Amino acid sequence: MNEPTVEINGLGRRFGRLRALDDVSFSLDDGITGLLGPNGAGKTTMLRCLATVETPDTGRLRILRRDPGRVSERTEIRRRLGYLPQEPGFYPNFTAYDFLDYLAVLKELVDDGQRRREVRRVLDAVDLGDRAMTKIRKLSGGMRRRLALAQALLADPQLLILDEPTTGLDPGQRLRFRDLVSRLGEDRTVLLSTHQTEDVAALCERVIVMDRGRVLFDGPPRGLAETARGSVWLAEQRPAGGGVTWRNADGRYRTIGDPPAGAELADPTIEDGYLLLVGDAALADVA
Amino acid sequence: MTAATPDTVRPVRRHGGLRAAARVRVLARIEGRRLLARPTVLAGAGLSLLTMVTLTRTTAPVLNRDDTTASAALLVLAAATLLATNAAALRSRRRATDELLASMPTPPRVRTLASLCSVAGVVALAGLLGGAFLLWRLAADPVTAPDPFELLTGPALVALGGCLGVALARWAPSVTVAPVVVVGLAALEFSVNLLIGGSEYGGRVKWLAPFVGQHGVARELLIRPTGWHLAYLVALVAVLGCVALLRHPATRPTIATAGAAVLVLLLAGGAQLRPLDPAQDPNALAAELTAAAAQDCEQRDDVTYCALPGYEPWVDRWAATVEPVLARLPERARPRPLTVRQDFLGTRLESLADHGGPGTAAEPTHSEVRPGLWRGRNAGEGAYQFGLALGVAALAVGLSPDGALSPADALPGQVGEGLQACTPAGQARSVVALWLAGQTSERSAEYLRNEVERQGGTTAPATGTPAPEIYFARPAAHPIGALNFGGWEAAVAVQLLRQAPDHIAGLVDRHWDTLSDPATTTDEALALLGADYPAPGRPPADVRGPGSTEAGSSGTDWRLVACP
């Protein structure tokens, strides 16, 4: 049996008294996996560990069939890794091209012609080909986000780790992003951390929900939705009491939790499952 | 966004060392290009060039001084490079890309090495600036020869600044550190070169500073350990580079390089600090070089021109200034013998005397004019011609500081603290001397006119009062080094310059004995020369006669007496 691209067993990471990761275990193979969780759930720490920029305290981690604890193997992992941090940072005085060119060298693309072609390729991939020579300080927030995604695509990585990649993208760009990532996921492993359950629903074959450093759910998106079956209600009046309620486009009130008076059961969505799963933390995020 | 095309590329897989070297090369090229385009570096380069030009624009090229000037000017670029490399090396921290870069296969050590190597571009720029400056000076009849080590010191200073910027970024990663260090280094250089000052003989510890200037002392009298200092700087560059790299896990080549660099640093630093041989007394050297036997002397008509080794091309320039003065003098009044002998006077020999010998460098004779080691050019040419011509004219009319100066207090021709000077203010012969000097050339006349105007006097009798005293550039320290001319006489001379030179020369010839008599007053000269410039409302100088004491304008105690 082939070893999975990422294999995590009992991973733990503490920051002082805060337990950011607590006995996390899962494995990843080719395809797109969504990572959902409220703020502080440990998603970013998880991704940082996978990107080899954070070292776990406990547990076993193998990435691309290598041990990131060993310097030589860690370098090999980094050669095959594309990472989009939550806040990637930019050099405002660089042009988009120069920025990618610089990062391409750090990805060991030292041949000038090869690097030029690769930079052009990833710029085109994120629809920034015509902005190649624009200084980054003149790019919009969405363009910068796409540029950050472009750098993660350099050198054709086998493992793509994307931390909230759709933040700041307009609906059109988000659709194009979905198209791009879905194609990328056909022949490599993509781990996508997001707050956007629609992205998970649209893209991911699998979703992992984390909260307080632990994995609460690991399965297909449909399975996450199913966890809320029997807990999602539609009512004509805004119900009194607790739970999460919002008004739909049809004017009816959707409630997750206990049934309001006169309400009828509704088909659950991933978002319903997620909100029901992470409970208070998700409510705090919603608030 | 579109999907990734299938023809994507994978990084080149090579042997680890080769791959690292290739990355360093490419990154250094990228960083080097960016460094050269940084406004700080561009401004530093521009200011360095401007400094070179400003410091030398009005003087003729003396290459054994210009080489040090070039290095001094490149200190500005070195400071700019320090700031720029520091900012570049801190870029990932300032722009929060550390996390992203940490996920790359290229370790931070490679980036640091590339940052260090990227300084090469600015070093080359410094070399180009120095070279362009040298070419510019070479195109204008230069004298002496540059010291290659001095010339390389400037680029080495730039390399030092660049590597220090990177090292600071690695060990003190804050944007406020580099500007503070630049201010500290500027204070150090200011102390070494301006406050401590003095000659090379005042202590060798100053050579541990990055740059040590010539302090106005003639290069010929200095023993500058330029080769050792360059080796010291290069070793310092290597040490700083290694210090920057040692922020990352140490490698064997880095440790070996650091060890070798420290060894060279200690060796070269120690060699610079070796005390000078007491036999290398600068005053004795000055006397030796000024002696007729050591100089290349050339006889032209009645004048002997003696240049210091390397300065022979200036003889033609001196002759072109001296001859017009002699031509306007009555035959019987021409000083014979007349020698124009180049000297070190005016190059702060007094400070050498403090540290070296008794200060008895070859004293000038009564028939000598002694130009120093600089020559005016462009805007400074008129001043130079006027000053040199004034020396010859002063000898002709019998003006000499001899007897006015106290030999026990000073070297000949020096005016300063504890010294005495004389003034021919109020004497007719000073009008004649000033006119003779002014008529040498149009530039010389223009210089006299400008100085009379600039120093509070006026060339128009009806509109103002001449300055009591007027000061001129003194390229010939002897015999005019200690002569303070009166502003009234200068204004009269300007008036005479408006008349036909032959006419005035005829009057000077006719009344020579009277005009050159120290007892003849300026009023009397006006009548004899047909000038009508009225005497100012107050005396040109408060002179009471030989031996009287006055406080100098600078507040120091020096005596001003009437010239005998």
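How many helices and strands are there in chain A? Chain A has ten helices and 13 strands, where helices (H or I, at least four residues) and strands (E, at least two) are DSSP runs, numbered from the N terminus. Keep in mind that this is a predicted model, in which local features need pLDDT of at least 70, side-chain atom pairs count only at pLDDT 80 or more, and totals for chains, interfaces and linings use all residues. Residues are numbered from 1 along each chain as its sequence is written, while chains are lettered from A and ligands numbered from 1 in the order in which they are written.

**Chain A overall**

Take the C-alpha atoms of chain A along the principal axes and they fill a box of roughly 70 × 45 × 40 Å. The radius of gyration of chain A is 21 Å, which agrees with the value near 19 Å for a compact globule of 287 residues. That radius is taken over C-alpha atoms, and the globule rule is 2.2 Å times the number of residues to the power 0.38.

Of the 287 residues of chain A, 46% count as buried. A residue is buried if 20 or more other C-beta atoms lie within 10 Å of its own, exposed if 12 or fewer, and partly exposed in between, with C-beta atoms placed from the backbone. As for contacts, two residues are in contact if their C-beta atoms, placed from the backbone, lie within 7 Å. Among contacts in chain A between residues at least 6 apart in sequence, 66% link residues at least 24 apart.

Helix α9 of chain A (residues 270-278) is a mostly covered one, with eight of its nine residues buried. Among them are Ile270(A), Tyr274(A), Leu275(A) and Leu276(A), but also Glu271(A) and Asp272(A). Right after α9(A) comes Gly279(A), with a positive phi near 55°.

**Where chain A meets chain B**

Chain A puts 40 residues into the contact and chain B puts in 28 residues. On the chain A side, α2 (71-79), β5 (81-84), α3 (96-106), α4 (112-125), α5 (141-153) and α6 (171-184) each supply at least two residues. What is that side of chain A made of? It divides into 20 nonpolar, four polar and 16 charged residues. Here Ala, Val, Leu, Ile, Met, Phe, Trp, Tyr, Cys and Pro count as nonpolar, Asp, Glu, Lys and Arg as charged, and the others, Gly among them, as polar.

**Backbone oddities**

Most residues other than glycine have a negative phi, and most peptide bonds are trans. Here are some spots that go the other way.

| Site | Backbone value | Place |
|---|---|---|
| Asp156(A) | phi near 50° | loop between α5 and β6 (159-163) of chain A |
| Glu164(A) | phi about 50° | loop between β6 and α6 of chain A |
| Arg336(B) and Pro337(B) | cis peptide bond, omega about -10° | Pro337(B) in the loop between α12 (314-327) and β3 (338-341) of chain B |

Are the two chain A residues buried or exposed? Asp156(A) counts as buried, with 23 C-beta neighbours inside 10 Å, and Glu164(A) is buried with 21 other C-beta atoms within 10 Å.

**Helix packing in chain B**

Helix α7 (residues 148-171) and helix α9 (residues 226-245) of chain B have axes that come within 8 Å and cross at roughly 20°. Axes are lines fitted to C-alpha atoms, for helices over the stretch in contact, and angles run from 0 to 180 degrees between N-to-C directions. α7(B) and α9(B) are therefore roughly parallel; angles under 35 degrees count as roughly parallel, over 145 as roughly antiparallel, 65 to 115 as roughly perpendicular and the rest as oblique. The residues of this contact of α7(B) with α9(B) divide into 18 nonpolar, five polar and two charged.

Helix α16 (residues 442-454) and helix α18 (residues 487-497) of chain B come within 10 Å, axis to axis, and cross at roughly 140°, so α16(B) and α18(B) are oblique to each other. From α16(B), the contact uses Ala445(B), Leu448(B), Arg449(B) and Val452(B), and from α18(B) it uses Ala490(B), Ala491(B), Ala493(B), Val494(B) and Leu497(B). These divide into eight nonpolar, no polar and one charged.

Finally, look at Leu529(B) in helix α21 (residues 522-529) of chain B. Leu529(B) counts as buried, with 23 C-beta neighbours inside 10 Å. Not counting residues up to four places away in sequence, Leu529(B) touches Leu496(B), Ile504(B) and Leu507(B).
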